[in-house]
Amino acid sequence: MTSTAIARHATGSTEDLRSAPEAPMDQPDPYTALQHSIGDLTEALALEATAQAARAVTIKNILAMLADMRQNTEQPHTPAYLAAVRHLYWQHTVIPSLELTAAAGFNYPAEMTAAIGHVPSGLTCDVCQQDIVRTSRSWLPPTRVRDGLLRCATCDRASQEARNRRWEAAAMRSSHVEKGPVNAPCVDWMVAARLVLAYPPIGAVDPDDKYAGFHWRAYELAQQLNQRIAGTFATHLVVPVVEASRIVESAERVVGWDLDRTWEIVVPLTDESPSLILSRLERRIREVCEQRKAEALTLFPTPAPESA
Ligand SMILES: [Zn+2]
């Protein structure tokens, strides 16, 4: 019997399930049981719909009552009224926030939450030991735990600002070193500049050559330095650390490529070895860097870590 019923059901027969061949009395027909359960489901859905409609009506009533309470009084936002709104907002999240805001007479939800106050989240700030409050229904616990400490919004901001101040101090120190004046004889500078200028970076930058961009900049700086030397009668010239180190480093690479060619470039300028001149410049740069680093520590000290 069951196989016949299943076959009929499977072939999409629209025949009433109960018209399936009768089951023996001791075995209830599973299709009849299924139909009963479907009936239960329909009933449950109807109840749910009724409950939902009742809920919507109740919420509407509550909001209307709130609006009336506000409109029928001289002082709409009494402590008792705000306490009622606070209770509705925080304890009955089923009431839509925007509708509650409008009924309670506020322009926007943040204005309302500022007036009714926030509620504790159950979390405590590890820095100031104050309760961390929920500031809105959509509030989520802080996820940024820096140095293993959970912070409230105020302490988190203070911590971020302290970090920013430390970064700024570090940037100022670095800039102070980069601007350090490297004073050296014009001849030494000329040797370094000419070595760099002897190998113009021609064509497109080779993406595989990580020094390519570095060379372009060094070449540009060497050109500027050469022009400065040409335009001065002074015996010495001051070049900032950041430019000097780039030119000298590039010139050293040129020496490494072709020492004979290097000598040819330098001979018209000086009798000294190009390596010796570059080492001297390099030493001078290092001295200035060390001096400026020491100065920078006094001028731009690292701010104290955030106060607890
Ligand atoms: Zn805190």
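Me: At what angle do helices α9 and α11 pack, and how far apart are their axes?

Reply: In this predicted model, α9 and α11 (residues 274–299) pack at an angle of about 155 degrees, and their axes lie 10 Å apart.

Me: Why is α9 called roughly antiparallel to α11?

Reply: Angles over 145 degrees count as roughly antiparallel, and the angle between α9 and α11 is about 155 degrees, so α9 is roughly antiparallel to α11. The crossing of this pair is left-handed.

Me: Which residues make the contact between α9 and α11, and what kinds of residue are they?

Reply: On the side of α9 the contact is made by Val 241, Ala 244, Ser 245, Val 248, Ala 251, Glu 252 and Val 255, while α11 brings Pro 274, Ser 275, Leu 278, Leu 281, Glu 282, Ile 285, Val 288 and Cys 289. By kind, the residues of this contact divide into 11 nonpolar, two polar and two charged.

Me: How do you know that the span of α9 is close to what is expected of a helix?

Reply: Helix α9 covers residues 241–257, which is 17 residues, and reaches 24 Å from its first C-alpha to its last, to be set against the 24 Å expected at 1.5 Å a residue. Helix α2 (residues 30–71) can be treated in the same manner, since with its 42 residues α2 reaches 61 Å, close to the 62 Å expected.

Me: What makes α2 a hardly covered helix?

Reply: A residue is buried if 20 or more other C-beta atoms lie within 10 Å of its own, and among the 42 residues of α2 the count of buried residues is one. In α9, by the same cut-off, the buried residues include Val 241, Ala 244, Ile 247 and Val 254.

Me: Why is Glu 243 called partly exposed?

Reply: Glu 243, which lies in helix α9, has 19 C-beta neighbours inside 10 Å. A buried residue needs 20 or more and an exposed one has 12 or fewer, so a count in between is called partly exposed, and therefore Glu 243 counts as partly exposed. The C-alpha atom of Glu 243 is separated by 8.2 Å from that of Glu 178, although these two residues are 65 residues apart along the chain.

Me: What about Thr 302: is it buried or exposed, and how do you know?

Reply: Thr 302 lies in the segment after α11, and it has 11 other C-beta atoms within 10 Å. The cut-off for an exposed residue is 12 or fewer, so Thr 302 is exposed. Thr 302 nevertheless touches Arg 166 and Ala 169, not counting residues up to four places away in sequence. The C-alpha atoms of Thr 302 and Arg 166 are 5.6 Å apart, with their positions 136 residues apart in sequence.

Me: Where is Gln 129 found, and what is its phi?

Reply: Gln 129 is found in the loop between β1 (119–124) and β2 (131–134). Its phi is near 65 degrees, which is a positive value in a residue other than glycine. Gln 129 has 10 other C-beta atoms within 10 Å, so Gln 129 is exposed.

Me: Which residues of α6 make the contact with α11?

Reply: Helix α6 (residues 153–178) and α11 have axes that come within 8 Å and cross at roughly 145 degrees, in a right-handed crossing. From α6, the contact is made by Arg 173, His 176 and Val 177. The residues of the contact of α6 with α11 divide into five nonpolar, one polar and four charged.

Methods: Residues are numbered from 1 along each chain as its sequence is written. This is a predicted model: local features need pLDDT of at least 70, side-chain atom pairs count only at pLDDT 80 or more; totals for chains, interfaces and linings use all residues. Helices (H or I, at least four residues) and strands (E, at least two) are DSSP runs, numbered from the N terminus. The expected span of a helix is 1.5 Å times one less than its number of residues. Axes are lines fitted to C-alpha atoms, for helices over the stretch in contact, and angles run from 0 to 180 degrees between N-to-C directions. Angles under 35 degrees count as roughly parallel, over 145 as roughly antiparallel, 65 to 115 as roughly perpendicular and the rest as oblique. A crossing is left-handed if the near helix is turned anticlockwise from the far one by less than a right angle, and right-handed if clockwise. Two residues are in contact if their C-beta atoms, placed from the backbone, lie within 7 Å. Ala, Val, Leu, Ile, Met, Phe, Trp, Tyr, Cys and Pro count as nonpolar, Asp, Glu, Lys and Arg as charged, and the others, Gly among them, as polar.
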